[in-house]
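Trainee: I'm new to this structure and would like a close look at a single part. Could you take me to the place where the two chains meet and the surroundings of that place?

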Amino acid sequence: MLAPHRNPIHAEFGEILCHHEHPGGQYLLRVMAPACAAVAEPGQFAHIRVTPERPMRRPLSLLRAAPGEGWVEFLYKVVGEGTALLAGRQPGDFLDLLGPIGRPFQPHPEHPRQLLVGGGVGIPPILFLAERIREREEGTPVVFMGSELPFPFLTTPSALPVPGLPEETDLALQWMEDLGIASRLASRVPRPGVHRGLVTELARDWLAAQHPDHLREVEIFACGPHPMLAAVAELAREFGVPCQVSLEEFMACGVGGCAGCAVPVNTPEGPAMKRVCVDGPVFEAREVFGP
Amino acid sequence: MSRDPEQAERLRVDFCGLDFQTPIVLLSGCVGFGDEYTRVVGFSHAEVGAVCLKGTTAQPRLGNPPHRVYETPAGMLNAIGLQNPGVDHVVEEILPTLDFTETRFIANVSGSTIEEYVRVTERFDDSPIDAIEINISCPNVKAGGVAFGNDPDMSARVVEACRKVTRKPLITKLSPNQTDIAENARRCIEAGTDAFAAINTLMGMAIDIESRTPVLGNDQGGLSGPAIKPVALLKVHQVYQVARPHGIPIIGQGGVTTPEDAIEFLIAGATAVGVGTALFYDPLVCRTINDGILDYLDRHGLATVGQLTGTLVRNDEGTCCA
Ligand SMILES: Cc1cc2nc3c(=O)[nH]c(=O)nc-3n(C[C@H](O)[C@H](O)[C@H](O)COP(=O)(O)O)c2cc1C
Ligand code: FES
């Protein structure tokens, strides 16, 4: 069972330190928010007022937090009006954000082999998680990412082998590689070194190549579109490994007050509606997709 | 940071004999069961006169499927569908955890039948709750709710039945989705209501043009936020004409986000002012509103916020005083 997580939520008005556009309408945003940065965990999000004129906030997953320097980072894609307005904000502007919010991913010591699966806009929290696992020496993560857009990160041919994958699938994120974390990419758009297909195919091949003793130590963490999460949950069931998924839903308050973000889940007491903002966004896969 | 006691005193209002430390009421459905916002650093119940808890029914309800909320121009739609753990759980498990020294807590009662309204009201009567708000205006449930609230006969019957089972202050929450809100208010006064809350959300819809399906899981929902403020002000003004002779106070609400909004509602006849959707914008908005009201009182030479209530000077009544 995942433990509930109730940290204080900070309202901050922080300066935008940098804001870079990447191909495909993707943006990397760094904001000063020391109180949020101090306690942020992978899987949590900040609830952001994109411009003063647009008061309803947007939840954005944290890509990174630097407690020492006091900033937090987001990677988002322009999908609607809110994110389009956010994309127009410049370094030096101030951003109103509430955070960190939500139940984070929770790696378990008895499962030190973490399989991390991220799809599209679900990639940021997965990278944050990989980094923290490495910093805290909680295990040996492997990271698979799927995207139909160019990856907004430096890539490099990997020196870290990944069991179950062909040698030519060797492109990795420089950031992960530098941390000594094996990573691979999937896309339906053909690209050298990138698996042509779905990210869940990488996950399946990796799981199938694990020795049974190792498989027992695996835990899956996934964030991405709902069909991807369903497929990952199915893999977890098939290989008998625990799995945590991070969900998205429209939000209003973002702090648990309105029940506007509730989704159906299974609990030992029967069906229930749980709030994605504070009960999640991370849930056990079987809560969402059944045992 | 607390306010100087003399200033704080100017914000105090009497609402049906209840002492509200400020005129602000946190609205039902926007603050869960009273403790969620306390996690936001800087948020304080000292800024609010009362907190209305989420709509409560006799049995637990799961509510509507997603999506439940959707942003619209100057507001939002919601169709939560009264998700709540049932009145027994609320009274036994939640009320004991609330700090009644911080502010007043008001229950929000809903039901599909008159019997259910009565059963829930009865249960709250035997609890530490400070007052009971009857929600006959929820647009998001199949039976009861707004179907009762839009029919003056049914409204009066619900109020009358609840009145019989409680001596706590009874607040009737009126629907804007009806032809003659003043007539409905009149009937509710006869039936024994002590106060009004006006207005609940306006019924609305949003459509996803790609899939040609309604955005909300419940197809339709309730519109709140600044978009409804002009409607709300007029309804409060109309209800006030009926309520004033009986000394019956109103919690004015619908789109309040600034001190100026709150002051408009007070002038229109409200004794207290509700804040719901604006909390989603800014969880610390109550302090800003209170400070802005104090500033206004200074500028207009008024001693207390209560002196503002119902001070509207209609254009056919001559020019404004100060
Ligand atoms: C998400 C949400 C849930 C609500 N749930 C309830 C409810 O359970 N009972 C009720 O009487 N009103 C409910 N309301 C209506 C509010 O209490 C309030 O009357 C209305 O939103 C207008 O105020 P506002 O514009 O400040 O939000 C809800 C409103 C919202 C936005
Ligand atoms: S968005 Fe309000 S409870 Fe989650």
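Mentor: Let's begin with B:L82, which is buried, with a relative accessible area of 5%; buried means under 20%, exposed over 50% and partly exposed in between, using a 1.4 Å probe and protein chains only. What you see is a predicted model, where local features need pLDDT of at least 70, side-chain atom pairs count only at pLDDT 80 or more, and totals for chains, interfaces and linings use all residues, while side-chain values use heavy atoms and leave out hydrogens and water. Residues are numbered from 1 along each chain as its sequence is written, and chains are lettered from A and ligands numbered from 1 in the order in which they are written.

You will find B:L82 in the loop between β6 and α2 (87-94) of chain B. The helices (H or I, at least four residues) and strands (E, at least two) are DSSP runs, numbered from the N terminus. Although B:L82 is not a glycine, its phi is positive, about 55°. Most residues other than glycine have a negative phi, and most peptide bonds are trans.

B:A74 is another non-glycine residue with a positive phi of about 55°. B:A74 sits in the loop between β5 and β6 of chain B and counts as partly exposed, at 45% relative accessibility.

Those two strands take us to the other chain. β5 (69-72), β6 (75-78) and α9 (277-281) come up again shortly, so let's set out the contact itself. It takes 29 residues from chain B and 33 from chain A, where contact means heavy atoms within 4.5 Å. Together the chains bury about 2,600 Å², 58% of it on carbon and sulfur atoms; this is the accessible area (1.4 Å probe) that two parts lose on being put together, summed over both. B:R39, B:E71 and B:Y281 supply 30% of the area that chain B buries against chain A, more than any other three residues.

Five salt bridges are found across the interface, each a side-chain nitrogen of Lys or Arg within 4 Å of a carboxyl oxygen of Asp or Glu. One of them joins A:R6 and B:E36, at 3.7 Å from N to O. There are also 13 residue pairs in polar contact between the chains, both residues at pLDDT 80 or more; a polar contact is a pair of N or O atoms within 3.5 Å, and within protein one must be able to donate a hydrogen and the other to accept it, with residues adjacent in sequence counting only if both atoms are side-chain atoms. On chain B's side, the elements giving two or more residues are β5 (69-72), β6 (75-78) and α9 (277-281). The largest share, three residues, comes from β5 of chain B.

Across from chain B, look at A:R58, in strand β4 (residues 58-61) of chain A. A:R58 is buried, with a relative accessible area of 19%. Its side chain and that of B:E71 are joined by a polar contact of 2.7 Å. Leaving aside residues up to four places away in sequence, A:R58 touches A:A46, A:H47, A:I48, A:V50, A:G82 and B:E71.

Finally, back on chain B, a cis peptide bond joins B:P66 and B:H67, with omega about -10°. B:H67 lies in the loop between β4 (50-56) and β5 of chain B.
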